[in-house]
Amino acid sequence: MTDTASNGAIVKHDRHEDLPPPKSEVGIYGWIYHNLLYPWYNAVLTLIGSAIAIWAISGVVDYIFIGSIWVGDGPEACTAQDGSVIHACWVFIDARFHQFIYGPFYPEAFRWRINYSFLLLALVATPLFLNPEWIRRGIGLAVAGVATIFSLVAYGAGPAAVIAFMMFAPYGLSYIRLGTILPHSDQNAVIGFGVRLAVIVAAGVAGYFLGGAILGDNEAIASGWILAFLTFGLVTLNKASVKSWIAFLLIFIYPFIAFFLWVGDGFGLDYIETPKWGGLFLTLVVAGTGIAASLPVGILFALGRRSEMPAVRAVSIGFIELWRGVPLITVLFMSSVMLPLFLPEGVNFDKLLRALIGVALFSSAYMAEVVRGGLQAIPKGQYEAAASMGLGYWQMMRLIILPQALKLVIPGIVNTFIGLFKDTTLVLIIGLFDLLGSVQAATTDPKWVAMFVEGYIFTAFVFWIFCFGMSRYSMHIERKLHTGHKRR
Amino acid sequence: MSAQGETPSRGGTAFWNDPKFRSIFFQLLVVAAVAAFGWYLFRNTSANLERQGIASGFDFWNSTAGFGIIDSWIEYSEESTYGRVFWVGLLNTLTVSILGIILATIVGFTIGVARLSPNWLISRMATVYIETLRNIPLLLQIFFWYGLILKGFPQIRNSYDIFGTIFLNNRGLYTPKPIFEPGTWMMFMGFGLAIAGIIWLSTWSHRRQQRTGEQFPVFLTSLGMFIGIPALGLLIASLVYGGVPISFDYPSLQGFNFKGGSELIPELVALLLALSAYTAAFIAEIVRAGILAVSHGQTEAAHSLGLRNGPTLRLVVIPQALRVIIPPLTSQYLNLTKNSSLAAAIAYPELVSVFAGTVLNQTGQAVEVIGITMALYLGLSLLISFFMNWYNKKMALVER
């Protein structure tokens, strides 16, 4: 509405409609303008960057997908008419796949044992990732039933029984409360502790003799330990949830099952020497042992380094700095040539065990430093509050300090795991055939000698999946455990 | 867990519940256990050595090695001693480490800044670089580059060449080698003078700015001095000796190989490429975290004081970011130095490869050889971390 005022000026009374934002600020064009073209040097960078990106992507896509050969029977499938080799030749990976996974020397008839051990691990651990409790129980029990039937068909009665026990037991065990029958340790520590120890030892001895009588000498020790550990769980985990029981079985019982599946020589399984181990399987064994050993040992040394006792502190600092200051490869050399000298005559560790000891020592030192960082970040008030509640040193650490400290350093812990996982490739230098070692060995085969790039790309892809997966999972855990107030 | 049964009414605590007694008792226990373990290892080791007839001691240091080494900075032949082998290996380790640290720092800082770029494409490309390289084992990357250079790069006759001076082929990288003739000392003296002058100039201008507030273009003047004074020395030298005293020896193809110039063997090229590319990915993340740690308020405050973009970055943002960057950067440098030992896998003659590998195999003196190697790396690590701690302390925030 415009009026003409008395002096002839045009006066506007109502508000003009909002103008649309400038085209350079919104929409796809605005995004492109601000993220790729403004100011002028960004436009230049975009130009150079897209040239590089197009060159790289087209090169990779052409190598991996377009110009490559996926199916065939042997090296002939990748040979062109003029005799030259066509890349990428994925036939190579296909032909050697089993060697890369199980190692070049692993007997084909026993591969099921490795598959079964990892299947068991995955199945038992599944309910840990199901939330909330009723879903865990429902789906967990359903999976347990299906897995038992499946393994009965696929592997036979014995393996099926093991799967059934490992998967159903947590639900039943969480109802047994042996600890409430025994004398309470809060009233009299000596009697409470003594009775529990006696029960555990008795179970272990009984297991030893029963196992020896029924199964044989090789199984006696194992069954003794298994029974002792189960009893240990029964007397210490009283009101434990299904989740704690699953974790308990994974930590204390699964290693025995895995040991007999991998090494054999007991429970009717043939013996497989460790020099025959290899491939991704060996990589996972080395990394898994390193990870499993490094966390508890690392925590102990981190506590030692923060201790008020000078002797304990000095020993911890010495241990940590010694292993952190030298490269892993010298540690592996040391454990492979010096460890035999350290042991008394007649005692002999095999090559894999020596490598495992080296890796475990090395990663523990790194883990100790990560955990120490977390311990240092806990304010003094937490220690004082715990002490004023009457908690002793170990109670204070177990219940108050470590849960907070470890939560703080999850990224650091996972980074150490990732580093350790990548470092397992070094065992090939002392003559073990891990994934990279198996690929190396395969590329020296004259038939496939030109295929090393394909082999390395495959290996890199496998490692990348594991490491990237671990880092993403740690981010997820970090978000889940974040109980404080979030900024933003 | 620990005994909680005692009540104060019983009067005094039992001595085994006294923290002081416990502390001394545990420490004695730890010391005794460590000593016993050490004694056990020592006795086993000496018994084993005696039984296997392995000599001990450092006599091997002066005996003849009898094997060749493909790349050495110092005079070395098959008649040289094991001690000489150690020094050759050490120098090669240092070469790889220093070159690797320089390259990784340059690449890492570039990628780290690129990741923060407002340009979407550039930051995405930096992310892809980082996430790819740091999730692939270093040893695999070393093998990859080594294999690529040996099998993927052209034969010597079809080398990649850059202006006919630098050649790259499957035998390595050939670059021109400067030859210093008499009179070069004037140029080097010029460098010395220039550095002394720059130090003096910067202290003087700093003092003057503190006193009067006047600024002096230190950087440009220093650059001028650094180029000008040695050039002047060179000019005088060429006038005195009649001709420029530096010449370059260019590599040239003669027969089946390149003659002249300096050569980087393929092992070294592969190792450097892999080490610096891998470590750069970690350095890039450190740089990114460091820059992000300086809050935007600092930049705004600097701008509101009238500083332009350049001085803001140089005087406000970078000094604060460096404080965050330096400690993790140190550990990356340490990692790179320790990772250089992976050269053993492709037989580049550095310390672990020739000393802990070949010498150990020939002499069988595992304890001495591994001991020396580990002590050396430990020393190197402690040296770098002492230096970086000193620098860190210098850069640290001065608090009340």
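Of the 400 residues in chain B, 28% are buried. The structure is a predicted model, and its overall scores are ipTM 0.85 and pTM 0.85.

Chain B is a convenient place to start. Its secondary structure consists of eleven helices and eight strands. The radius of gyration of chain B is 29 Å, whereas the globule rule gives 21 Å for 400 residues, so chain B is more spread out than a compact globule. Along the principal axes, the C-alpha atoms of chain B occupy a box of roughly 95 × 70 × 45 Å. Contacts in chain B often link distant parts of the sequence: of those between residues at least 6 apart, 67% join residues at least 24 apart.

The domain assignment divides part of chain B into domain 1, covering 82–152 + 264–344, and domain 2, covering 184–241. Between the C-alpha centres of domain 1 of chain B and domain 2 of chain B there are 31 Å.

Confidence in chain B averages a pLDDT of 84, and 96% of the residues score at least 70. Residues 1–10 of chain B stand under 50 throughout, and for them the model has 13 contacts beyond four places in sequence.

Chain A also has an average pLDDT of 84, with 95% of its residues scoring at least 70. Which elements of chain A have the lowest and the highest mean pLDDT? The lowest, 61, belongs to strand β1 (residues 2–4) of chain A, and the highest, 92, to helix α11 (residues 279–305) of chain A.

In chain A, the domain assignment gives domain 1 as 24–66 and domain 2 as 67–105 + 273–488. The centres of these two domains of chain A, taken over C-alpha atoms, are separated by 37 Å. Contact between them involves five residues of domain 1 of chain A and four residues of domain 2 of chain A. On the domain 1 side, four of the residues are nonpolar, none is polar and one is charged.

One residue to look at in chain A is A:Trp55, which sits in helix α2 (residues 40–66) of chain A. Is A:Trp55 buried or exposed? A residue counts as exposed if 12 or fewer other C-beta atoms lie within 10 Å of its own. A:Trp55 has 10 such atoms within 10 Å, so it is exposed. A:Gly74 is 19 residues from A:Trp55 along the chain, and 31 Å separate their C-alpha atoms.

Helix α13 (residues 328–342) of chain A offers another kind of detail. This helix bends by about 35° at A:Ser336, and the proline A:Pro340 follows within four residues. A:Ser336 is also one of the buried residues of α13(A), which include A:Leu328, A:Ile329, A:Phe333 and A:Val337. The cover over these buried residues draws on both chains: it includes α12 (310–325), α14 (351–377) and α17 (410–423) of chain A, together with α10 and α11 of chain B.

That leads to the interface between the chains. Here 52 residues of chain B are in contact with 45 residues of chain A. On the side of chain B, the elements giving two or more residues are α1 (19–52), α3 (120–133), α4 (138–152), α9 (309–339), α10 (351–363) and α11 (366–395) of chain B. The largest share, 13 residues, is given by α1(B). By class, the side of chain B that touches chain A has 34 nonpolar, 15 polar and three charged residues.

Definitions and conventions
Residues numbered from 1 in each chain as written. Chains lettered and ligands numbered in written order. Predicted model: local features only at pLDDT ≥ 70, side-chain atom pairs only at ≥ 80, totals over all residues. Domains from an automatic or database assignment. Contact = placed C-beta atoms within 7 Å. Nonpolar A, V, L, I, M, F, W, Y, C, P; charged D, E, K, R; others polar. pLDDT = per-residue confidence, 0-100. Rg over C-alpha atoms; globule rule 2.2 N^0.38 Å. Buried ≥ 20, exposed ≤ 12 C-beta atoms within 10 Å, placed from the backbone. Bend = angle between axes of the 7 residues up to and from the residue.
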